[in-house]
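Here's a short walk through a protein model for anyone meeting it now. Have a look at the sequence and the fold, and then read on.

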Amino acid sequence: LALVVKDVVLNFLIQTKAAGWKATEWNLDKPDWKGKLRLISKGRAAEIKLEEFGSNKLYASCPIETYPGPAVQAVVDSSRYFVIKVVDESGKSAHLGLGFAE
């Protein structure tokens, strides 16, 4: 079991694209959400959990089956920002822009 926790994570609601996300197209000064990222891996399985500060309430979850793969993708213009594919309990998915505070 491996665990990584990053305390200040910035989340941006973005439009779905086939490829080529650019962080500069997001409103980087005003993230839609701030919280904590928890990366959990056990064996070959991994999951990114975005959690609320203080309460640790789950905001979004990104299961990772393969890396590199569709669950986590780099943006084309930055090494600090990524796009993750989150999936809710009903199976609906969305793409979120993700970055880390300096």
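## Strands, cores and a pocket

Strand β6 and strand β7 (residues 93–100) pair in the antiparallel sense, with 7 bridges between them. Keep in mind that this is a predicted model. The two strands β6 and β7 make a hairpin with 5 residues between them, and Gly 91 in that turn has a positive phi of about 95 degrees.

On its other pairing, β6 (residues 81–87) runs antiparallel to strand β5 (residues 72–74), joined by 3 bridges. That pair is a hairpin too, with 6 residues between β5 and β6.

Here's who faces whom in these pairings:

| Residue | Opposite residue | Strand of the opposite residue |
|---|---|---|
| Gln 73 | Val 83 | β6 |
| Val 87 | Ser 93 | β7 |
| Phe 82 | Leu 98 | β7 |

Let's stay with Gln 73, which sits in strand β5. Is Gln 73 buried or exposed? Gln 73 counts as partly exposed because its relative accessible area is 23%, and the buried class stops under 20%. Its side chain reaches the backbone oxygen of Pro 70 at 3.3 Å. Leaving out residues up to four places away in sequence, Gln 73 touches Trp 21, Phe 82 and Val 83. There's a link across the chain as well: Gln 73 and Gly 20 are 53 residues apart along the chain, yet their C-alpha atoms are separated by 9.4 Å.

Now for Glu 51, found in strand β3 (residues 45–51). Glu 51 is buried, because its relative accessible area is 7%, and buried means under 20%. What does the side chain of Glu 51 make a polar contact with? The partner is the side chain of Arg 38, at 3.1 Å. Beyond its neighbours within four places in sequence, Glu 51 is in contact with Trp 33, Gly 35, Lys 36, Arg 38, Asn 56, Lys 57 and Tyr 59.

On to the nonpolar residues. In soluble globular proteins, nonpolar side chains tend to be buried together. In this model the largest nonpolar core has 14 residues, and Ile 48, Leu 50, Cys 62, Val 72 and Ile 84 are the ones touching the most other members. Two or more residues come from each of β2 (33–42), β3, β4 (58–64), β6 and β7. Which element gives the most to this core? That's β4, with 3 residues.

Leu 50 has a long contact list once residues up to four places away in sequence are set aside: Val 9, Asn 11, Trp 33, Lys 36, Leu 37, Lys 57, Leu 58, Tyr 59, Ala 60, Ile 84, Leu 96 and Leu 98. There's also a second, separate core of 9 residues, and Phe 12, Trp 21, Trp 26 and Tyr 81 are among them.

Last stop: the largest pocket, with a volume of about 220 Å³. Which residues line the largest pocket? The lining is made of Val 4, Lys 6, Leu 37, Leu 39, Ala 46, Ile 48, Ile 64, Val 72, Phe 82, Ile 84, Leu 98 and Phe 100. The elements β1 (2–13), β2, β3, β6 and β7 give two or more residues to this lining. You've met some of these names before: Ile 48, Val 72 and Ile 84 belong to the largest nonpolar core, while Phe 82 and Leu 98 stand opposite each other in the β6 and β7 pairing.

Terms used:
Residues numbered from 1 in each chain as written. Predicted model: local features only at pLDDT ≥ 70, side-chain atom pairs only at ≥ 80, totals over all residues. Heavy atoms only, no water. Pairing = 2+ DSSP bridges. Helix = DSSP H or I, 4+ residues; strand = E, 2+ residues; numbered from the N terminus. Buried < 20%, exposed > 50% of the residue type's maximum accessible area, 1.4 Å probe, protein only. Polar contact = N/O pair within 3.5 Å; in protein donor to acceptor, adjacent residues only side chain to side chain. Contact = heavy atoms within 4.5 Å. Core = buried A, V, L, I, M, F, W, Y, C linked by side-chain atoms within 4.5 Å. 1 Å grid on protein atoms, 1.4 Å probe; cavity = no way out; pocket = protein on both sides within 12 Å on 5 of 7 lines; lining within 4 Å. Points joined across faces, edges and corners; volume = space filled by probe spheres on them.
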